[in-house]
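Welcome, and thanks for taking a look at this one. Please have the sequence and the structure open side by side as you read the briefing below.

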Amino acid sequence: MTEQARPSFIGARVKRLEDPRLLRGHGRYVADVRLPGALEVAFVRSEMPHADITAVDAGAAREHPGVVRVLTGSDELVAGREIRGDWRGEIWQTSAQPALAGDRVRFVGQPIAAVVATSRYVAEDAASLVVADYRELQPLTSARASLSDGAPLLHEGWTRNFFRHSHFLGGDPDAAFAAADGVLELRTATQRQTGMPLETRGCVADYDVVSGSLTVWMTNQMPSVVRTSLADVLGVEENRVRVVAPDIGGGFGVKAYLYPEDVVVCLLAMELGRPVRWIEDRREHLLAAIHARQQEHRVQVAYRADGKVLAIRAEVLVDSGAFSVHPWTAGLEAGNALSLLPGPYTIGDYECDAYAVATNKSPFGPVRGVARPAAALSTERAMDQVARATGLDPIEVRRRNLIDARDCPYTTVTGNLIDSASFQEALDRLCEVADYPQLRRQQAEAREAGRLLGIGVACYAEQGASGIHEYLRRGMPTIFGYETALVRMDPSGKVLVEVTTHSHGQGHETTIAQVVATRLQVPLQDVRVVYGDTSRMPYGMGTFGSRSIVMAGGAASAAADKVRLKLEQFAAHLLEISADDLETVDGAVRAKGAPFRSIPISELARAAYHQPHRLPQGMQPLLEAVSTYDTERGTGTWTNACHLALVELDPGLGLLDVQKYVVVHDCGVIVNPTIVEGQLHGGIAHGIGGALLEELVYDEWGQPLSTTFMDYLLPSATEVPRIEAHHIETPSPFSATGSKGMGEGGAIAPGPVLAAALEDALRPLGEVVVTELPLTPERVLRYVDEARGAAADASGDR
Amino acid sequence: MKPASFEYVTARTVEEAVRALADSEGEGKCLAGGQSLVPLMNFRLARPPLLVDLGQVDELRQLRHDDDGSLVVGALVTHREVAGSPLIAERVPLLAEAAREVGHAAIRNRGTIGGSFAHADPVAELPCVGLTLDAEIVAAGPHRRRTIAAADFFQGPFTTALAADEVLVEIRFPASGAERSGWAFCELARRRGDLAVVGVAAQLERRGQRLSARIGLAGVAGRPVRAVAAEAGLSGATPDAASFRAAGEAVAASLAPPSDIHGSAALRRRVASVLTERALERAARRLEAA
């Protein structure tokens with residue numbers, strides 16, 4: 001029988017198997033973990049961005065009825081409990097984030113004390129009685145201010161206020177700039193934004209005094225890694241630490257750290273011998289969960305008259321906040337910006353300086369897209385300016401610069417190995433499905449009628465499933481180079497799959513089951529996928545960096561193959577046929593060419609466990625296997641996509657109405673199109689939030705102003721347009737399933753797309769270059785004025 | 001969601017509610033729909049030791065017109081009822097239009113007009129309409145009921161003329177006496193359903209040959225304000241594009257708005273001007289159609 005006849009679930013629009021549980025409210029989250037006798041924690045947080053703590057008076061809080069313990073930064077229990085994340089690069093300065101600040105605070109929201117009480121209400125009552133005295137220091141509230149001469153140094157032993165400085169030189173930019181027909185310069189800026197999961201952070205710790213073992217339920221995307229980190233910081237043997245990450249209501253990168261609050265909750269549980277619980281509220285999330293995205297770029301672009309971009313010089317400043325986070329470090333966003341700024345284009349000459357600058361703001365970490373939204377804003381805005389300078393259509397300029405898919409695997413100037421792609425095809429397809437010529441006609445007609453329509457386009461390559469090679473190259477302290485899966489078939493032939501990634505919206509219970517059911521040729525409903533409990537699962541890394549379908553899918557495939565091979569060997573023994581002449585198809589192992597000679601998998605499974613005497617000599621009864629997996633070269637996969645938007649500008653109010661949003665997307669082999677589209681929609685919503693709405697604002701004194709959902713504006717159903725997605729499937733030659741990571745990409749393009757669309761819409765008023773996000777009414781009206789001013793200047797010149 | 005501790009009582013009549021407030025020595029707060037008060041309590045920005053739940057006071061749910069032609073809207077009438085009531089659509093259509101801009105459906109289902117007036121958020125839609133239409137607020141205290149003109153009622157951000165032991169009973173919208181009128185409520189909100197950055201209520205009224213205009217603004221001061229100069233400029237004028245533009249400019253010139261992260265003073269002034277012009281245009285179209 002041929003390969004095609006095997007039932008396959010790859011590519012099927014299977015409804016998410018986890019949804020009946022989650023949609024009925026039967027999910028079990030950290031806040032649902034209710035242990036008898038549990039105490040609750042409220043944190044007292046710094047109100048100062050930068051100050052020495054001169055005194056903390058916790059006396060009244062300790063006296064408050066119902067309070068069990070008040071812990072301050074000077075307490076012995078937290079002495080020396082620090083969180084570090086050190087990048088392994090040439091220019092790096094370290095920081096140590098204390099579990100509770102004892103003598104100095106470096107951002108508003110930094111925990112300085114913890115109140116443990118019989119309920120959160122009581123704990124909050126008492127927390128408000130803790131009084132801290134500060135000696136204020138000069139707050140550093142922007143990357144430029146931090147780097148300026150005479151700025152106070154944020155950490156001991158530092159020489160300037162940055163964690164990381166990287167310099168990259170590839171090719172010969174000097175020669176390219178000298179030979180160019182034109183040179184242009186851009187200064188782009190993206191604002192502070194973050195991941196905003198529906199479920200906030202949370203941690204419940206339970207210490208068993210008798211066995212000396214600690215169980216921690218936490219909202220964490222990487223339970224294995226955080227278990228190791230906890231053991232290190234707490235000084236508990238790792239084989240006595242169990243981390244359980246139950247259902248998690250979204251992560252987006254914000255839950256992939258060891259946070260100070262986690263350490264404090266565990267220390268308290270160990271000291272008090274009672275379960276201790278902390279559920280973050282939204283204000284705390286906005287203040288003290290990691291932030292992301294805030295970058296300033298200065299970009300010079302050398303181009304030829306035919307639209308070819310020859311070279312880029314860039315300076316990248318990342319406003320990285322007060323501490324380097326664990327395990328990702330404060331260096332990742334700056335490094336990614338440096339690495340990815342040349343985009344999906346054949347730019348061979350490139351020079352970049354990237355700084356991860358320390359400021360008195362909440363620490364910075366990777367969030368969905370990690371630097372790509374900022375990098376793409378610079379790259380794509382540059383392409384549009386080259387189009388304007390050369391008189392070419394923006395689509396045509398991109399076409400002339402995109403990497404030719406036939407050159408893949410293609411090594412970019414910064415050493416990224418793009419496994420396979422469909423850059424040109426995707427762009428052509430976008431023009432076709434969006435009917436680009438018709439959109440331009442529609443725009444022209446609208447302009448005739450005095451309406452301001454604009455079209456924006458952006459292309460990107462989305463790095464995902466980074467493996468050993470990539471994380472080594474990035475200088476990460478931990479090499480997140482593999483994932484692990486355990487596949488266990490029980491005596492009834494049902495399958496349990498334990499993966500080390502974590503699913504918090506990605507639908508792994510469905511997609512991993514699709515992969516395993518296909519490899520084992522069992523019904524989909526016979527495969528159950530579980531994750532998140534380190535006491536059961538093998539060691540692995542977790543979910544982040546658009547990796548799960550490739551890495552966990554690869555590991556699950558490999559483990560399932562081992563189980564299938566064993567079943568075939570067992571069947572070979574029973575049927576007295578060589579295993580090479582057997583195949584597993586649709587629930588049975590059977591002889592190739594003689595399908596009537598077969599044994600159902602369920603029978604084999606029962607026999608393997610309950611009739612071990614029938615096994616061949618030396619074969620062990622259990623039908624289970626563990627595999628780790630990394631992509632072929634450890635360089636990961638590259639999804640590619642083009643986005644297009646049609647917007648109408650209201651020049652009176654500064655509002656953009658996104659009327660059409662079209663995506664052509666290639667993430668290799670699609671396991672489940674519905675889930676891929678869901679990820680894409682979510683990413684685009686996140687990107688639209690960044691383009692139009694979301695901003696973590698700090699005032700000039702370092703006080704955060706976006707501390708509620710009235711200030712931090714998430715896009716809702718009415719702000720997210722209908723998204724039209726089209727797929728191309730160029731299989732990855734480096735991944736087991738041919739799939740590519742794609743969880744972050746949607747968030748990359750909306751910024752540059754909508755900036756371009758605004759600029760295009762403004763054209764009848766005058767020429768401007770839109771370079772700053774978010775496009776709030778305030779900023780849009782500034783561009784409107786600038787456009788009118790530019791037109792007035794131009795007519796004045798004539 | 002962790003408010004400071006508080007007592008809770010249910011009132012069955014206005015008098016009971018007033019007594020409970022008086023007994024708390026002015027520290028109690030009335031609970032209507034809870035759409036503003038409860039979040040403030042959860043943030044501990046408000047810490048009333050006593051909540052007096054008005055939900056069972058039937059008198060406060062009235063919606064009727066009086067003999068003098070004025071429309072009476074009880075304090076507990078929800079935004080949803082305001083937006084959907086045929087009586088309000090007929091008598092005070094500007095109010096119904098503004099109510100549709102309040103929050104989201106879930107908020108409109110619970111939030112009340114009395115709550116909105118008593119909360120007195122300077123960016124809220126309904127207080128702005130109340131001021132624009134010279135509404136009167138009826139408040140009950142321990143000794144008497146009194147009527148307060150909207151112009152006197154809204155005193156500053158989240159501050160009204162209500163005494164600590166008074167309950168807002170109803171809001172009366174007097175008959176305009178105009179033969180024909182046109183109205184519009186326009187706002188800039190960052191997202192659909194958000195509180196306005198700036199909101200403009202406009203009503204054009206014709207009595208005989210005489211045209212008069214009412215223009216109220218939200219989000220440009222510590223309380224809703226009337227655009228007196230712009231109103232005067234339109235009085236007796238021909239309602240055309242030029243006069244509306246002039247009105248917009250007059251509005252901008254008269255304001256010294258506050259700044260916050262959703263809009264600087266300059267943005268608010270500019271947007272107030274644009275929205276005034278747009279609201280007047282829409283009101284004029286309705287006036288023509290009337």
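Does Phe252(A) count as buried or exposed, going by its C-beta neighbours inside 10 Å? Phe252(A) counts as buried, because 25 C-beta neighbours fall inside 10 Å and 20 are enough for that label. Please keep in mind that this is a predicted model. The points below start with backbone details, then turn to chain B, its domains and the contacts between the chains.

**Positive phi outside glycine**

- Phe252(A) is not a glycine, yet its phi is positive, at about 60°.
- You will find Phe252(A) in the loop between β13 (241–244) and α7 (260–272) of chain A.
- Phe158(B) also has a positive phi of about 60°, and it is not a glycine either.
- The place to look for Phe158(B) is the loop between β8 and β9 (159–160) of chain B.
- Phe158(B) has 16 C-beta neighbours inside 10 Å, so it counts as partly exposed.

**Cis peptide bonds in chain A**

- The bond that leads from His326(A) to Pro327(A) is a cis peptide bond, and its omega is near 0°.
- Pro327(A) sits in the loop between β16 (309–319) and α9 (332–340) of chain A.
- A cis peptide bond also joins Cys408(A) to Pro409(A), here with omega near -5°.
- For Pro409(A), turn to the loop between α11 (394–401) and β18 (410–411) of chain A.

**Chain B as a whole**

- Chain B has 12 helices and 14 strands.
- The radius of gyration of chain B is 19 Å, which agrees with the value near 19 Å that a compact globule of 290 residues would have.
- Along the principal axes, the C-alpha atoms of chain B fill a box of roughly 55 × 45 × 30 Å.
- Of the 290 residues in chain B, 49% are buried.
- Among contacts in chain B with a separation of 6 or more, 63% are between residues 24 or more positions apart.

**Domains of chain B**

- The domain assignment splits chain B into domain 1 (7–53), domain 2 (64–173) and domain 3 (180–289).
- Taken over C-alpha atoms, the centres of domain 2 and domain 3 of chain B are 20 Å apart.
- Between these two domains of chain B, 23 residues of domain 2 are in contact with 21 residues of domain 3.
- On the side of domain 2 of chain B that touches domain 3, the elements giving two or more residues are α5 (93–99), α8 (125–132) and β8 (154–156) of chain B.
- Which element gives the most to that side of domain 2 of chain B? The answer is α8(B), with six residues.
- By class, this side of domain 2 of chain B has 14 nonpolar, five polar and four charged residues.

**Where chain A touches chain B**

- Across the two chains, 18 residues of chain A are in contact with 14 residues of chain B.
- On the side of chain A that touches chain B, α3 (120–127) and α20 (777–797) of chain A each supply at least two residues.
- The largest share of that side of chain A, four residues, belongs to α3(A).
- Sorted by class, the side of chain A that touches chain B has eight nonpolar, four polar and six charged residues.

Notes
Residues numbered from 1 in each chain as written. Chains lettered and ligands numbered in written order. Predicted model: local features only at pLDDT ≥ 70, side-chain atom pairs only at ≥ 80, totals over all residues. Domains from an automatic or database assignment. Contact = placed C-beta atoms within 7 Å. Nonpolar A, V, L, I, M, F, W, Y, C, P; charged D, E, K, R; others polar. Buried ≥ 20, exposed ≤ 12 C-beta atoms within 10 Å, placed from the backbone. Rg over C-alpha atoms; globule rule 2.2 N^0.38 Å.
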